[in-house]
Amino acid sequence: MNAPDADFIIIGSGPAGVSAAFPLIAAGRRVLMLDAGNDGGPQEENRSVRVLGSDLESLRADDGSSPKLQTPAARGILEPFRRQSGISGDGFMPIGSLARGGLSNIWGAQVSYLDAEDIADWPIDIASLQRSYEHVAKRIGISRNAVVAAHATGEPVLALGATAAHVLHRHHTATPADGSFRLYPAINAILSQARPGRAACDLRGDCLYGCPSGAIYNSRQDLALLRQSPHFRLLDNMRAVSLIRNAGWTVETADGSSFSAPRIILAAGVLGTAGLLADLLPMNEQGLRLLNSPTLAIPLLSPARLLRPATPTHSLAQLGLSLHYGGGASDYVTGAIYEVGSLPAQSFINRMPLGRKAGRAAFETIASSLLVATIYYPGDQSRSYIHRNAATGQRLTVRGGFAEGFGLRAEALKKALRREWKRLGLIQLPGASLAEPGIDAHFAGTLPMGATGAFGTSPDGELNHHPGLHIVDGSVIPDLSSKYITMTIMANADRIAHRLAETEAKPAL
């Protein structure tokens with residue numbers, strides 16, 4: 001019998017995968033990471049190509065998705081997954097990545113933390129999650145936005161755009177209707193101070209085009225550090241296609257290779273993990289429940305900022321917001337406010353009832369006074385399921401939808417927000433829209449920790465009925481609040497890996 005290739009095989013190099021790798025190699029475990037991508041990142045440094053694309057992809061007709069999903073960088077990440085994953089959508093946009101670094105190549109980088117109320121029904125305690133939040137935050141680099149150049153502690157911060165700063169000032173000075181609405185400078189995984197191998201943000205607004213400075217956290221950046229360990233090995237272009245149970249587990253890849261280990265850690269993203277487990281899960285007609293965050297996009301105009309000059313800033317979230325709409329602990333939405341002037345102009349020009357030339361002139365005139373708010377509902381307002389669909393030649397299909405009565409709740413939310421926009425001196429423009437399910441890419445809950453039966457996992461992410469098979473991506477998050485989920489996925493992966501490092505006996509050398 002051949003010796004196993006590693007103590008743990010991690011599938012996927014995204015934020016969850018690297019977060020699981022660090023505690024294991026620190027404990028001396030041999031880790032093999034299989035990744036469908038490779039080291040070949042964007043080679044073209046010419047800004048016009050990064051913005052427009054080598055085939056002018058940015059000028060294509062608007063497909064209604066988020067502006068960040070229409071950039072050349074995003075198209076290059078998402079399209080291979082759509083072609084190769086065998087996962088289709090029915091009223092749902094199936095988003096995933098086979099690229100080195102996963103979806104951290106195109107994530108919004110906004111950071112949120114869950115509290116004790118958010119995880120009240122989880123089979124873990126808040127203290128363990130908070131410890132892992134601290135581990136992850138220290139590693140990835142986090143900065144706050146601010147009106148001034150430094151925090152009260154003297155730590156550098158990132159400058160707010162002028163329109164965002166104006167709105168925040170109005171929030172602090174105008175009398176609120178009640179305490180249900182909060183507005184605050186956003187916290188993002190972006191550097192305000194350089195680190196080895198990564199420059200500080202230069203405020204050029206290139207965030208959606210690959211961040212050439214490396215200021216925005218990308219899990220690719222962690223791989224250089226992981227590779228310094230003799231306990232870590234990374235193999236390129238190894239797209240896992242099946243898992244086989246034997247004395248331990250064997251992973252087979254698309255090129256016909258196979259690798260074995262006593263334990264496998266799946267970090268392929270919720271949809272990628274579902275695809276790998278499709279033959280191991282007894283999916284019935286109802287399918288596998290998938291939580292995602294219904295998303296509203298709302299354009300806003302600040303008349304006070306019309307024809308005022310813009311200030312250099314990044315194109316990530318400028319402000320964060322939250323609004324409670326009920327008495328329950330999870331009855332709140334969160335969101336972010338972006339300055340439109342730092343977002344891809346073509347996405348907005350294409351939606352104007354004008355010709356391209358006139359649309360660009362109009363956009364450039366008012367762009368500095370425009371904002372976009374994105375609002376996320378909790379996952380219990382979604383009704384999406386993953387189905388096996390062999391008859392069409394697709395392995396899986398995701399059917400998207402919303403909870404019963406969600407349309408009325410969404411309209412009530414818009415009405416409540418209009419009151420807040422008015423208080424902030426903002427005009428809500430026509431065009432507020434509810435995004436197609438899936439565009440949010442906030443996926444969770446397919447294989448929740450603490451659930452019983454074939455679709456449940458243990459607090460250590462081990463799949464019920466399949467010992468040695470652990471999951472650390474969003475699949476195991478039991479419920480989805482409206483908060484941004486990536487930071488929690490990374491922290492939970494770190495927590496699980498620490499548990500495995502502590503409880504699994506180190507093999508004799």
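Me: Strands are DSSP runs of E with at least two residues, numbered from the N terminus. In which strand of this predicted model does S88 lie?

Reply: The model is a predicted one, and its protein chain has eleven helices and 23 strands. The strand that holds S88 covers residues 87-90. This strand is β3.

Me: Is S88 buried or exposed, and which residue does its side chain contact?

Reply: Buried means under 20% relative accessible area. S88 has a relative accessibility of 19%, so it counts as buried. Its side chain makes a polar contact, at 2.9 Å, with the side chain of T397.

Me: Which strands stand at the edges of the open sheet that includes β3?

Reply: The sheet has five strands with mixed pairing, in the order β3-β19-β18-β13-β22. Two of these strands have a single partner strand each, so one side of each is left without a neighbour in the sheet. The edge strands are β3 and β22 (443-444).

Me: Within that sheet, which residue of β18 is the bridge partner of L288?

Reply: Strand β13 (residues 288-292) pairs with strand β18 (residues 384-388). The pairing is antiparallel and has three bridges. In β18, the partner of L288 is I386.

Me: Which residues of strand β11 point to the buried face?

Reply: In a regular strand the side chains alternate between the two faces of the sheet. Strand β11 (residues 258-261) shows such alternation, with S258 and S260 pointing to a face where they are not buried. On the other face, the buried residues are F259 and A261.

Me: Which residue in the turn between β10 and β11 has a positive phi?

Reply: Strand β10 (residues 249-253) pairs with β11 in the antiparallel sense over four bridges, and E252 stands opposite S258. The two strands form a hairpin with four residues between them. The turn residue with a positive phi, about 95°, is G256.

Me: How many residues of strand β17 are buried?

Reply: Strand β17 (residues 370-376) is mostly covered. On one side L370, V372, T374 and Y376 are buried, and on the other L371, A373 and I375 are buried as well. The count of buried residues is seven of seven.

Me: Which residues of β14 and β16 stand opposite L371 of β17?

Reply: Strand β14 (residues 295-301) runs antiparallel to β17, joined by seven bridges. Strand β16 (residues 332-339) also runs antiparallel to β17, with six bridges. The bridge partner of L371 from β14 is L300, and the residue opposite L371 from β16 is E339.

Me: Why is helix α7 described as largely enclosed by the rest of the structure?

Reply: Helix α7 spans residues 270-277. Its buried residues are V270, L271, G272, T273, A274, G275, L276 and L277. The helix is largely enclosed because the buried share is eight of eight residues.

Me: At what angle do the axes of helices α4 and α11 cross?

Reply: Helix α4 (residues 126-140) and helix α11 (residues 486-503) have axes that come within 8 Å, and the crossing is right-handed. The contact includes S128, L129 and Y133 of α4 and M487, T488 and R495 of α11. Angles of 65 to 115 degrees count as roughly perpendicular, and the two helices are therefore roughly perpendicular to each other. Their axes cross at roughly 110°.

Me: What percentage of the residues in the protein chain is buried?

Reply: Among contacts between residues at least 6 apart in sequence, 72% join residues at least 24 apart. The chain has 509 residues, and the buried share is 57%.

Definitions and conventions. Residues numbered from 1 in each chain as written. Predicted model: local features only at pLDDT ≥ 70, side-chain atom pairs only at ≥ 80, totals over all residues. Heavy atoms only, no water. Buried < 20%, exposed > 50% of the residue type's maximum accessible area, 1.4 Å probe, protein only. Polar contact = N/O pair within 3.5 Å; in protein donor to acceptor, adjacent residues only side chain to side chain. Pairing = 2+ DSSP bridges. Axes fitted to C-alpha atoms, helices over the stretch in contact; angles between N-to-C directions. Parallel < 35°, antiparallel > 145°, perpendicular 65-115°, else oblique. Left-handed = near helix turned anticlockwise from the far one by under 90°. Contact = heavy atoms within 4.5 Å.
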